[in-house]
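Please open the model in your viewer and keep the selection panel at hand. The tour moves from one selection to the next and says what is to be found at each stop.

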Amino acid sequence: MNRLEVIQLLINHTKAKNYLEIGVFDGRTFLEVKAKRKHAVDPSMKISNRYKFHSIRYDFKNLMNKYFHQTSDAYFESQQKKLEQNKIDVAFIDGLHTYTQTLMDVKNVLIHLNTKGIIVMHDCSPPTKASGWPANSLENAITLNIPDFKNEWCGDSWKAIHHLIEWNKKFNALDIFVLNCDYGLGIVKPKNNFSVSMLDSLKPDSIYETLSYEFLNSNRSGVINLKEENYIREYLNKNP
Ligand SMILES: C[S@@+](CC[C@H](N)C(=O)[O-])C[C@H]1O[C@@H](n2cnc3c(N)ncnc32)[C@H](O)[C@@H]1O
């Protein structure tokens, strides 16, 4: 399965209305996702007017899309009040692929997520050491002369998933796993006992920042709770 198939499956299964995508680029996922209300957040969005026009013909609801040309941090700050009234049902986090920013994006989404909401995170299982190299963007990674780099870049978002798994051992308030497809699709879903106040203790930590790719690769299923892609259907059947 690819990210679009997983996101749409979750939207359909949970009857989600509000979809948020952090990191949209040229809109190839955002404009294809079908949902009632969609927010696109990206400081340097590259969606062409032509593609926007075609997307409205493909799905009329694309006419209602809202585009936020700002960072995810700025979005959560500026939209705080509106998000309190209109919570997020499904979020796709695919913005700045650093450990710290990914963790902050998950935290901010969890604050504004509906009780039955669900988060999908991209690039949580980098296939090689080069693709998991810490950097600020693909362009930045290209300048770093990374050994065996093949322009395939996930960054170190996997550390955010690992941190969440470790943090959750105290609360057992989230379901967290990574589907082994499309560079690792992280799934985070609050359980009934989740409360936003628990998030006070979720902060970036150098213990996670300094983890090596070898640590991930030595025990991928343990470090990021890696599951085969079909697991998503099994999970949804158990969590209607
Ligand atoms: C990998 S692309 C997103 C791809 C898109 N989601 C898709 O499925 O095709 C990453 C995007 O994140 C954006 N980005 C970088 N920093 C960001 C931030 N702080 N907040 C939101 N988006 C950011 C970049 O401008 C870039 O367009």
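Begin by selecting helix 7 together with the strands beneath your cursor: helix 7 lies across strand 5, strand 6 (174-179) and strand 7, and runs at about 150° to strand 6. Here helices (H or I, at least four residues) and strands (E, at least two) are DSSP runs numbered from the N terminus, axes are lines fitted to C-alpha atoms, for helices over the stretch in contact, with angles from 0 to 180 degrees between N-to-C directions, and two residues are in contact if their C-beta atoms, placed from the backbone, lie within 7 Å. The model is a predicted one, in which local features need pLDDT of at least 70 and side-chain atom pairs count only at pLDDT 80 or more, while totals for chains, interfaces and linings use all residues. Residues are numbered from 1 along each chain as its sequence is written.

**Helix 7**

Stay with residues 158-171, the 14 residues of helix 7, whose end C-alpha atoms are 20 Å apart, in agreement with the 20 Å expected at 1.5 Å a residue (the expected span being 1.5 Å times one less than the number of residues). Colouring by burial will pick out Trp-158, Lys-159, Ala-160, Ile-161, His-162, His-163, Leu-164 and Trp-167 as the buried residues of helix 7; a residue is buried if 20 or more other C-beta atoms lie within 10 Å of its own, exposed if 12 or fewer, and partly exposed in between, with C-beta atoms placed from the backbone. Just after the helix, select Asn-172, which takes a positive phi of about 45°.

**The sheet and strand 7**

Now show the strands: 8 of them form an open sheet of mixed pairing, in the order 3-2-1-4-5-7-6-8, where two strands pair if DSSP finds at least two bridges between them. Strand 3 (66-68) and strand 8 (226-227) stand at the edges with a single partner strand each, so one side of each has no neighbour in the sheet.

Select strand 7 (residues 185-190), which is joined by 3 bridges to strand 5 (residues 113-121), the two running antiparallel. Strand 6 is also antiparallel to strand 7, and 6 bridges join them; these two strands form a hairpin with 5 residues between them, and Asp-182 in the turn has a positive phi of about 45°. Because 6 of the 6 residues of strand 7 are buried, the strand is largely enclosed by the rest of the structure. Leu-185, Ile-187 and Lys-189 point one way, whereas Gly-186, Val-188 and Pro-190 point the other way.

**Met-121**

Which residue of strand 7 stands opposite Met-121? Met-121, in strand 5, faces Gly-186, and Val-178 also stands opposite Gly-186. Met-121 counts as buried because it has 28 C-beta neighbours inside 10 Å. Not counting residues up to four places away in sequence, Met-121 touches Ile-93, Thr-102, Val-106, Ser-157, Ile-161, Gly-186 and Val-188.

**The ligand**

Finally, select the ligand, which 18 residues surround, the closest being Gly-23, Phe-25, Thr-29, Gly-95 and Leu-96; a residue is near a molecule if its C-beta atom, placed from the backbone, lies within 6 Å of it. The shell divides into 6 nonpolar, 7 polar and 5 charged residues, where Ala, Val, Leu, Ile, Met, Phe, Trp, Tyr, Cys and Pro count as nonpolar, Asp, Glu, Lys and Arg as charged, and the others, Gly among them, as polar.
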